[in-house]
Amino acid sequence: MELRIAEQSDCPRLLELIQELADYEKAPEEVTVTLEEFVDAGFGADKVWTAFVVEADEKIVGFALYYTRYSTWKGCRLYLEDFIVTKEYRGRGVGKLLFERVMQEAKDKNYNGMVWQVLDWNEPAINFYNKYAAQIEEGWLNASFSKAQISEL
């Protein structure tokens, strides 16, 4: 297995894995980003995300995509947006490799912490995070607007 920073040419495969995650999370229709938008956000003039990928058997089998989040209470924190290991490679250490690399990135950049979300029914993920003694909060609800909703304002 090889761990490395994502490259622009990886984006089509990353989107495949994002769709796999959306399918697993029972929200396949929620992935609406285009390849062009995804590439621009990661490699364009106003780059907003970075990702680590793990390759095995000559293909990307997992990735962790993150960006800087600013909290008025805590300061700069690393936000882990997506953390995905394809089904056939789970349990082989890919997740551990990626997650610990992201934690190291937060440490290297002297962030005031690292945050992410996990669905309350995703027991395998919760069990994984519990191995690291992560604090899993209750009580917060996600809120959002779609692009269409914002344009209607």
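**Exercises on a predicted chain**

The chain contains five helices and five strands. The model is predicted, and the exercises below concern its fold, its overall dimensions and its cysteines.

**Exercise 1.** Determine in which order the elements follow one another from the N terminus.

*Solution.* Reading from the N terminus, the succession is β-α-α-β-β-β-α-β-α-α.

**Exercise 2.** Describe the sheet: state the order of its strands, the kind of pairing, and which strands lie at the edges.

*Solution.* Step one concerns the order: the five strands make an open sheet that runs β1-β2-β3-β4-β5. Step two concerns the edges: β1 (2-5) and β5 (114-116) each pair on one side only, and are the edge strands. Step three concerns the twist, which averages 25° from one strand to the next. Step four concerns the sense of pairing. Strands of a sheet pair through backbone hydrogen bonds, in either a parallel or an antiparallel manner. In this sheet the pairing is mixed.

**Exercise 3.** Examine the pairing of β2 with β3, and identify the helix that packs on the sheet.

*Solution.* First, β2 covers residues 50-56 and β3 covers residues 59-71; the two pair in the antiparallel sense over seven bridges. Second, Ala-56 stands opposite Lys-59 in β3. Third, helix α1 (residues 11-24) packs on the sheet, where it touches β2, β3 and β4 (75-85). The direction of helix α1 makes about 80° with that of β3.

**Exercise 4.** Decide whether the radius of gyration of the chain agrees with that of a compact globule, and describe the extent and surface of the chain.

*Solution.* Begin with the expectation: for 153 residues, a compact globule would have a radius of gyration near 15 Å. The chain has 16 Å, and therefore agrees with that expectation. Next, along the principal axes, the C-alpha atoms fill a box of roughly 50 × 35 × 30 Å. Buried residues constitute 37% of the 153 residues. The chain exposes about 10400 Å², of which carbon and sulfur atoms supply 50%. Finally, among contacts with a separation of 6 or more, 56% are between residues 24 or more positions apart.

**Exercise 5.** Classify Cys-11 and Cys-76 as buried, partly exposed or exposed, and state how many disulfides the structure holds.

*Solution.* The cut-off for a buried residue is under 20% relative accessible area, and for an exposed residue over 50%. Cys-11 has a relative accessible area of 0%, so this residue is buried. Cys-76 has 34%, so this residue is partly exposed. As for disulfides, the structure holds zero.

Conventions: Residues are numbered from 1 along each chain as its sequence is written. This is a predicted model: local features need pLDDT of at least 70, side-chain atom pairs count only at pLDDT 80 or more; totals for chains, interfaces and linings use all residues. Side-chain values use heavy atoms; hydrogens and water are left out. Two strands pair if DSSP finds at least two bridges between them. Helices (H or I, at least four residues) and strands (E, at least two) are DSSP runs, numbered from the N terminus. Axes are lines fitted to C-alpha atoms, for helices over the stretch in contact, and angles run from 0 to 180 degrees between N-to-C directions. Contact means heavy atoms within 4.5 Å. The radius of gyration is taken over C-alpha atoms; the globule rule is 2.2 Å times the number of residues to the power 0.38. Buried means under 20% relative accessible area, exposed over 50%, partly exposed in between (1.4 Å probe, protein chains only). Accessible areas come from the Shrake-Rupley method with a 1.4 Å probe; for residues, only the protein chains shown count as cover. A disulfide is a pair of cysteine sulfur atoms within 2.5 Å.
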